[in-house]
Amino acid sequence: MIRKYTFGTPFSTDAVVLALPAETGPVPFFTLSRKGSQVILTRKLQPEDCLYGLGESVRGINKRGFLYRSWNSDVFNHTESTESLYASHNLLIFSGPDCLFGIYADDPGRITWDLGYTRSDTAVITSENGQLDLYVLEEDSLTELARSFRRLTGRSYLPPRWAFGYIQSRWGYASESEVRTVAGEHRKRGIPLDGICLDIDYMDDFKNFTWRMDAFPDLKQFSADMKKDHIRLVPIIDAGIRAEEGYAPYDSGKAGGFFCKKEDGSDFTAAVWPGICCFPDFLQEDARRWFGSLYLPLLESGVEGFWNDMNEPALFYTDERVEAAFRRAEELHSGGADYEAMWGLKDAFNSIANNPEDYRSFFHEPDGVPVRHDRVHNLYGAFMTRASAEAFRRFDPEKRFLLFSRSSFIGAHRNGGIWQGDNFSWWSHLKMALQMLPNLNLCGFLYSGCDLGGFGCNVTEDLLARFLQLGVFTPLMRNHSALHTREQEIYRFESWEQMRDTVRVRYALLPFLYSEFMKAALTDGMYFRPLAFDWPDDPRAVHTEDQILLGEGCMIAPVMEQNAVGRHVYLPEEMLMIRFRSPEDYDLVPLPAGDHWISFSLHEFPLFVKKDHPVLLCPGGECSELLDDRTFTALCMTDRGVSYDLYRDNGTDPDPVLEEHLTTAVIPASALRSSPVPGVAISSLVL
Ligand code: GLC
């Protein structure tokens, strides 16, 4: 059951697809109060209550015990105390002995989620706008709550099948020949690869929709050559358009009146990578159409995938903020600076980027009526994604394109995936990535993943190995790193062969993982979920923070500590452990329910599988297009014959019907008799 409560006149966010009438009674489960324009919801928490949701946010799977803010932020240097990340996903589920419900705050402005932070027994949710649609969802189980939320907000984005391949990326690939070398190194060494991202280096002076003719002279030819080798180029597009007369996207945007404006009617400008930029008003339909049309030359050059970036939007500085900081410095210089004033001066410079005053200083005009940006701030990235997705659908309605964005809001999950932003090469960020995944899925973002190896600072070889072992299972499997950091391609490292074998495991599992993903997406289910979803009555499972469920019957438990040679794993029920070293080299270990300490040397990693749930391994290959997805080895802990419905389609159909693409794989009971591992059926299948 979903009920809607409306406060004031909410901005239409495009997040919800189900039209519901607003209720008139009081909001259940909460005490409602108001302070100025704020709407405040308060609820007492019982000691056992767990909270899930808030998609992209720091800390645990259970969100209880911290304060989070919905405010999309460019936070390169985030840690566990960062209150806002790049996206805002305002779904929160309360689950405890006396409660099971979810709320979705459809409000694109700033929201504070004090979830047992100020008082450990109280949740306080504050909408600054005070104008919102609040949805209250009630179902009998966590899984049904998740499904009901997807019914409210629409089906998750379906990427093309090739987007489940390994993608190599780095800020700093400065020429076509460098990219060809990277591709060649992967092919030469048998490291599977399906895509290479082009970062801002491919652009002329970092200007969107241009490319550097000296370094990337013929994008069409380049893209065609790479595609012949089954590698897709995935260029980046940033939100800002450089304010420069004679630069076509600026001229056409200006002529159309498509940029966000200040109060005096002039275009709002701020610096990002290309220098001083204007910002497309993605909330205007015409502006979206115009911006989307700018992708056309790239699409015509054969590009089938993009990543949208800097779309919080990130503002490095505005003239106003720089001047204010200088003014302050001059005042202090002439007046004599005391200790306190020096701190103020430091703050004035430190807060030049992404300054709240700047976000209050410009306007959108969705329907001819100006809306101040801060009231709708969290929509910006989502509507950029919408502009791109709408353009791709216009360009080729018969095809799925790869699209993932840094910033997002619920609703964008229908149009694209996301990556988890600029992480660091830290063990703590490996854990943060794992813990974020089920909550992202809950909010509809099934196609996601983090920068494997870490984006900022220098990776260590063991950390890259462990990141890749998580990446084997994340739908987006991309190795990405920042300019000037240690080179992070697998082949740079001594143990590249073992890391190659980790990626090869991904390819052996790819048809199976794709099948699990598509089944989840097409039934409004989850690809990743917390253990609490399957074992709500097992307190150990409910409070497990370092293992997550994958698809119908699997669980992952990566090693996330340096120098660890194994880890503890809790099994709520008996499971089969597949301990991988390569697609050909793995252990099959049936394990009883309970606590286990299991050894995993640096290049070993597990997949745990519930009884009677088969896993299918194909022979693998160097790219997704050439995989043999007819010949499988099926592995299953069972005491009978079992079957698995494998989802297979052409990988590009934009509107597939689940039932039309299922093939049943039958693993006969006889496979048990001949198996060298008692209780585990091993069966060769040709489907
Ligand atoms: C931002 C992106 C990062 C990219 C960089 C340069 O920091 O998040 O992925 O490499 O900009 O474009």
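H484 lies in the loop between β27 (477-479) and α14. The model is a predicted one. This briefing covers backbone angles, ring contacts, one helix, and the empty spaces in the structure.

**Backbone angles**

- H484 is a residue other than glycine, yet its phi is positive, near 70 degrees.
- The relative accessibility of H484 is 73%, so H484 counts as exposed, the cut-off for that class being over 50%.
- N354 also has a positive phi, about 50 degrees, although N354 is not a glycine.
- The place of N354 is the loop between α8 and α9 (356-359).
- Between E312 and P313 the peptide bond is cis, and its omega is near -5 degrees.
- P313 belongs to the loop that runs between β19 (305-309) and α7 (319-335).

**Aromatic pairs**

- How many aromatic pairs does the structure hold? The count is 48.
- One of them joins F29 and F101, with 3.8 Å centre to centre and 5 degrees between the planes.
- This pair is stacked, because planes under 30 degrees apart fall in that class.
- F29 sits in the loop between β1 (2-7) and β2 (31-35), while F101 sits in strand β8 (residues 99-106), so the pair ties together parts that are 72 residues apart in sequence.
- Are F29 and F101 buried or exposed? F29 is partly exposed, with a relative accessible area of 28%, whereas F101 counts as buried at 0% relative accessibility.
- Another pair is formed by F512 and Y644, whose ring centres are 5.4 Å apart and whose planes make an angle of 45 degrees.
- The F512 and Y644 pair is tilted, because 45 degrees is neither under 30 nor over 60.
- F512 is in helix α14 (residues 496-522) and Y644 is in strand β38 (residues 642-647), so this pair links distant parts of the chain, 132 residues apart.
- F512 counts as buried at 1% relative accessibility, and Y644 counts as buried at 4%.

**Charges over rings**

- R161 has its charged end over the ring of Y514, at 5.7 Å from the ring centre.
- R478 has its charged end over the ring of W307, at 4.3 Å from the ring centre.

**Helix α3**

- Which residues of helix α3 (residues 219-228) are buried? They are L219, F222, S223 and M226.
- These buried residues cover an arc of only 95 degrees around the axis, so they are on the same side of α3.
- An α-helix has 3.6 residues a turn, so residues three or four places apart point the same way.
- K220 and K228 are exposed on the other side of α3.

**Helix α8**

- Helix α8 (residues 339-350) contains W343.
- W343 has a relative accessible area of 42% and is partly exposed.
- W343 and R119 are 224 residues apart along the chain, and their C-alpha atoms are separated by 31 Å.

**The largest pocket**

- The largest pocket holds about 410 Å³ of space.
- It is lined by 16 residues, and those closest to its centre are R155, Y157, R393, R414 and P654.
- Which element gives the most to the lining of the largest pocket? Helix α11 (residues 380-395) does, with 3 residues.
- By class, the lining of the largest pocket has 8 nonpolar, 2 polar and 6 charged residues.

**Cavities**

- The structure has 5 cavities of 30 Å³ or more.
- In the largest cavity there is about 90 Å³ of space.
- The lining of the largest cavity is made of 13 residues, and E56, S57, R69, S70 and A87 are nearest its centre.
- Two elements, β5 (66-70) and β6 (87-88), give two or more residues to the lining of the largest cavity.
- The largest share of that lining, 3 residues, belongs to β5.
- The lining of the largest cavity divides into 5 nonpolar, 5 polar and 3 charged residues.

Conventions: Residues numbered from 1 in each chain as written. Predicted model: local features only at pLDDT ≥ 70, side-chain atom pairs only at ≥ 80, totals over all residues. Heavy atoms only, no water. Phe/Tyr/Trp six-rings, centres within 6.5 Å; stacked < 30°, edge-to-face > 60°. Helix = DSSP H or I, 4+ residues; strand = E, 2+ residues; numbered from the N terminus. Buried < 20%, exposed > 50% of the residue type's maximum accessible area, 1.4 Å probe, protein only. Lys NZ or Arg CZ within 6 Å of the ring centre and 35° of its normal. 1 Å grid on protein atoms, 1.4 Å probe; cavity = no way out; pocket = protein on both sides within 12 Å on 5 of 7 lines; lining within 4 Å. Points joined across faces, edges and corners; volume = space filled by probe spheres on them. Nonpolar A, V, L, I, M, F, W, Y, C, P; charged D, E, K, R; others polar. Arc of directions from axis to C-beta.
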